Amino acid sequence: MTKINMVIIGLGGMGSYHARELIKDTDGVHAYGAFDINPEQLVKAPDMGLKIYDKLADVWQDEAVEAVLIATPNDSHKELSIQAMRAGKHVVCEKPVMMSSTELNEVLAVAEETEKVFMVHQNRRWDKDFLVIRELYRQQEIGSLFQIESRVHGANGIPGDWRHLKEHGGGMLLDWGVHLLDQLLFLVDSPIKSVVADLSFVLGDDVDDGFITHITFENGLKSIVEVGTTNFIKLPRWYVKGLEGTAVVDDWDLSGRVVKQTGFIDHHKLVPIQAGQGLTKTMAPPSEDATTTFPLPKGVAEFDTFYHNFYEVVRHQAVPIVKNSEVMTVLKLIEMIFKSAETGQTIHVR
Ligand code: NAD
């Protein structure tokens, strides 16, 4: 196996995480060096076994370097990706791949022209909580899913770095939103039918501090995707409804449960109960007595790790797990969400 020497461009939070945790020689990719416009960020590079590059041009000219990881703020992904591929390097790019679908078209044209691999790090396709939902969707343990609610809630507001600045591609839709939408589209094997969305600006930034969107698919499945940064009480990470049951995944620690209907409900013999100042048949027993609670199923990624797949794609031994056509669909969905939020209209996809 001839390893791919990779240079990390942008040795901040995520660039360092790739170097320390994700890029593995055993996958065929070697964390070889680093460049950052802020030299202070490079002080830690030698401890991480990384060669320091003082200039970007030195990375481009170094023939020992076969690929780069772009882990810089979002607005710089396009220019750096194009430069890298023109210099003959393969590219792994952090999410969001670009600021718009127009930018991505330009970059993909360069990838085609230079015959370089361009792959986006949509790492949350490997998240265990997502894989549980994928298992429920595919195995239909609670019947066919007809509603999927995917949320990430926190109360820290927008981090005070480039993430709260519009010119750098800040805001929560381009941050966590990209992950949640990528997971949803990777899961659901049906085209999008319509999208309606609202962005939150309660913190007074130029960029959204959260959003909520309703996405309907051609097969009838409905979904709610929500990110909030002012939620002092969190709603569950996932809440999904199937025709025979409901499942909840509370958080990344995989606490949660599946509740299935296991008993008979005679809809003609429901006895009303008092609820608040009124009576209800709809919400009366035996709806709960006729159910059984089960643990969450295990979700397993039957596909390769990101970096081993990248290695095999570069060596023409596999197709990418994260396809550029898929990240393009996510970007177009993000554009629909922005448009719906701006116009207050539902966007119907033809
Ligand atoms: P960060 O601010 O911690 O690090 C960014 C680094 O890039 C900084 O060290 C900065 O000095 C450097 N930099 C800025 N412009 C540069 C340029 N033109 N050339 C070289 N270096 C430059 O940010 P971060 O949290 O590491 O985010 C970086 C990217 O990674 C973003 O696109 C973000 O969306 C993505 N990210 C992805 C995940 C994930 O789970 N996939 C998680 C966090 C961040």
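Visitor: Which pocket does the ligand take up in this structure?

Guide: The largest one: that's the space the ligand fills. Keep in mind that this is a predicted model.

Visitor: Okay, how do I read the shell around the ligand? Which residues come nearest?

Guide: Start with neighbours, where a residue counts as near if one of its heavy atoms lies within 4 Å. Here 24 residues surround the ligand, and Met14, Asp36, Asn74, Lys95 and Arg163 come nearest. By class, the shell has nine nonpolar, eleven polar and four charged residues.

Visitor: Which domains does the shell draw on?

Guide: Domain 1 (4-121) and domain 2 (125-254 + 296-302 + 332-348) each supply at least three residues.

Visitor: And which side chains make polar contacts with the ligand?

Guide: For those, look for N or O pairs within 3.5 Å. Asp36 has a side-chain N or O atom 2.6 Å from a ligand oxygen. Glu94 puts a polar side-chain atom 2.9 Å from a ligand nitrogen, and Trp162 has one 3.0 Å from a ligand oxygen. As for burial, the ligand alone exposes 850 Å², of which the protein buries 83%.

Visitor: What about closed spaces? How many cavities of 30 Å³ or more are there?

Guide: A cavity is a space where a probe fits but can't get out. The count here is two. The largest has a volume of about 50 Å³, and its lining divides into three nonpolar, one polar and five charged residues. Among them are Arg151, Lys234, Arg237 and Asp250.

Visitor: What lines the second largest cavity?

Guide: That one, at about 40 Å³, is lined by Pro96, Val97, Gln122, Val178, Val327, Val330, Leu331 and Ile334.

Note on methods: Residues numbered from 1 in each chain as written. Predicted model: local features only at pLDDT ≥ 70, side-chain atom pairs only at ≥ 80, totals over all residues. Heavy atoms only, no water. Polar contact = N/O pair within 3.5 Å; in protein donor to acceptor, adjacent residues only side chain to side chain. Areas by Shrake-Rupley, 256 points an atom, 1.4 Å probe, with all protein chains shown as cover. 1 Å grid on protein atoms, 1.4 Å probe; cavity = no way out; pocket = protein on both sides within 12 Å on 5 of 7 lines; lining within 4 Å. Sits in = over half its atoms within 2 Å of the grid points. Nonpolar A, V, L, I, M, F, W, Y, C, P; charged D, E, K, R; others polar. Domains from an automatic or database assignment. Points joined across faces, edges and corners; volume = space filled by probe spheres on them.
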